[in-house]
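New notebook page. I want to get to know this structure piece by piece, so here is what I looked up.

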Amino acid sequence: MKAVIAEKPSVGREIAALLGASERHEGYFEGNGYLVTWALGHLVGLGMPEDYGLLGFKREVLPILPDPFKLTVRKIKKNKGYDVDPGAERQLKIIEKVFSRSDSIIVATDAGREGELIFRYIYQFLKCKKPFERLWISSLTEKAIRKGFENLKPGSDFDRLYEAAETRSRADWLVGINSSQALSVAVGNGIYSLGRVQTPVLALICKRYQDHKNFKIEPYWQIRLEHRQDFMDFKSLSVIKWENRRQAEDVHRAVIHEGKAIISSIEKKPITEQPPLLFDLTGLQKEANRKLSLSAEETLDTAQRLYEKKLITYPRTGSRYIPEDLWSEIPDLVRSINDRESLKEAASKMKWGSFNKRIVNDMKVTDHHGLLITGKFPSVLTAKENAIYDMIACRLLEALSQACQKELTDITAEVLHYDFVLKGSKVIEPGWRAIRGYYSEEDNELTQELPQLQKGQEIKIKSAEVLQKKTSPPVLYTEAGLLSAMETAGKKIENEEKRRILQNIGIGTPATRASIIETLFSRNYIVREKKSLIPTEKGQKVYELIKDMKIAEVEMTANWELALHEIENSDKSSINFHKEMEEFASLITSELLALPRQNVEHKDLTCPKCKAHQLIIEDRFVKCPCEECAWIQFRNICGINLGFSDLETLIVGGKTSLLRGMKSKSGKIFDAYIVLNEKAESSFEFENGKSKKR
């Protein structure tokens, strides 16, 4: 009997059906010599400090350096701590029973670092010794699964992948637990969270916000001319930017009086714009944020659903290429796109017989190839699923098309002794840009269609105006911009030698970047304002405390990501890296504990229900000490933590300010006020005035 363990029930059901394991039991299927079960994500993880007998946050026990680390069944947060998740415990017992009945195991968790860790932690926790093989697939189509079972790989082939995953898990524990407890102890006012990756990302957001906020906007003036030649209207703009309006106006009058400009230089250059490569996960998340305003997590969740519906390949990929042996399947994928109404026009522009093979590169395919559709026709999909599916399909069409050929023209015209510039762009061969009809991504008022002009030619000035402009501050991060910054973190390191080594290393992985951003939201460190990411008061406070420490350095985190890659590729010892992380955890703990205590005095607040007792204010809740009254208000509401000012306005005024970025149980993001009624019961009130009980 062979056991098969998938990562999710939906995948387990698909595999069971293909293997003929049709007899259904609680938590597994049986039949045809197979027992097919599944995890429910991370059923087993590293134990918390209380599992080592360390309760509360105490200065004298820090840093905590477990040896050995303990594995525990997944826990869920309760009012006064963490309890074992009963669903996880139940499924783990089922897996143990399935393993005990089997002779060997086939690992069918997601083919990546985290999928490997999910299985290995379960295997280790259950003290299982059964031999196991690995199913390694990039698609859940029947063809892909069958091919995967025909080519099972020895489990030992993935020992280094597991080693990297386990090392990452322990590093996150050492840095996250110790730094979070140390900062909370040092500040002495609330619970704070730091992390190996989340803290440098918070630092990126806060620094950009401060640079934006502190930027001194300065006005300047330019002169724009309008011309007409050969029945075409076009414009030119002064090279000089005047800081004094009067000077610009003086030149404006002189230019009008002159009435003509002389072409002093013309430079034409051909431009070849290669088609984009396939999406990796980060690329898809950036595009969906820009075009559809979807968060990174929404995009990942949507892509995961499409994957489980067998419509796209494995979404958590870091590659934008495909292997040579997959090229023969591409024409059929293109034909399937032609059957989809929303993509018919785009697919009709494909030139058969001249597909671009730029996406084929065996050396640049990592664990999984670039994102592809599978050829299965999508039927009933949500609006988000349709949009993401079309985005992936359209990118395939673009990637297979030829380069776009353009001719760019830079012209300088002289009026008196002042230079004015004109820019022209002419599409010679649209290539891949014809697929969606986007011929330029330039947002430049100077790029325009121009008549034929020659050096020394005189062109009339039809009109002229003085334009008042202003210098622009650094743009606040959107999720797309932040994902780019995380992906290219190594390129921004100032030290040239380190930058060369780390230039292709980001912080986080394509699979984890969305969850890192969502963690910052859940900690109430950042909020969304339209599409921009803004640090909260709490987020800025944390940044000010740690901004000069190594835990906030992008370079440090990029170095760690490089080390994890090297461990996976057998180029670095995980033992040595673990020692380095213990040393770092000790160092950052000492730095944080040395911070001066933050003395924040809270005003006394009277219970809004009994109006007779002063409220007890804790990190997780505010409550009345009177047992008969028993009024309580939890501070974390739909992922947003109520600060003291919010509590004060709620309890004293009966209504908070507008809380942005809350998340419902279904995952929907919403904004609302929290209000108290005459019985001191809280509810939501939306901007349209409608209310809803919590």
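**Backbone oddities first**

I started with Pro63, which sits in the loop between β5 (44-46) and β6 (71-73). The peptide bond joining Leu62 to Pro63 is cis, with omega at about 0°. I keep in mind that this is a predicted model.

Pro68 is also in the loop between β5 and β6. Its bond from Asp67 is cis, and omega there is near 5°. I noted both bonds because most peptide bonds are trans.

Next I checked phi. Most residues other than glycine have a negative value. Asp230 is not a glycine, yet its phi is positive, about 50°. I found Asp230 in the loop between β12 (219-229) and β13 (232-238).

Lys530 goes on the list too: not a glycine, and a positive phi of about 60°. Its place is the loop between β20 (526-529) and β21 (532-535). Is Lys530 buried or exposed? I looked it up: with a relative accessible area of 83%, Lys530 counts as exposed, since the cut-off is over 50%.

**A pair of helices**

I moved on to helix α10 (residues 330-337) and helix α12 (residues 383-400). Their axes are 11 Å apart, and they pack at an angle of about 125°. That angle makes α10 oblique to α12. I also wrote down the handedness: α10 passes α12 in a left-handed crossing.

Which residues make the contact? From α10 they are Ile330, Leu333, Val334 and Ile337, and from α12 they are Ala393, Leu396, Leu397 and Leu400. Sorted by class, I get 8 nonpolar residues, no polar ones and no charged ones for this contact of α10 with α12.

**Into the cores**

In soluble globular proteins, nonpolar side chains tend to be buried together, so I went looking for cores. The largest nonpolar core here has 94 residues. Those with the most contacts inside it are Phe99, Ile105, Ile122, Leu183, Val201, Ile546 and Leu592. Helix α5 (residues 159-187) supplies the largest share of this core, 13 residues.

I picked Phe99 for a closer look. Leaving out residues up to four places away in sequence, Phe99 touches Ala3, Ile5, Ile105, Phe119, Ile122, Leu126, Cys128 and Lys130. Ile105 and Ile122 are therefore on two of my lists: partners of Phe99, and residues with the most contacts inside the largest core.

Last entry: another core, of 61 residues, lies apart from that one. I noted Leu19, Phe355, Leu371 and Ala399 among its members.

Methods: Residues numbered from 1 in each chain as written. Predicted model: local features only at pLDDT ≥ 70, side-chain atom pairs only at ≥ 80, totals over all residues. Heavy atoms only, no water. Axes fitted to C-alpha atoms, helices over the stretch in contact; angles between N-to-C directions. Helix = DSSP H or I, 4+ residues; strand = E, 2+ residues; numbered from the N terminus. Parallel < 35°, antiparallel > 145°, perpendicular 65-115°, else oblique. Left-handed = near helix turned anticlockwise from the far one by under 90°. Contact = heavy atoms within 4.5 Å. Nonpolar A, V, L, I, M, F, W, Y, C, P; charged D, E, K, R; others polar. Buried < 20%, exposed > 50% of the residue type's maximum accessible area, 1.4 Å probe, protein only. Core = buried A, V, L, I, M, F, W, Y, C linked by side-chain atoms within 4.5 Å.
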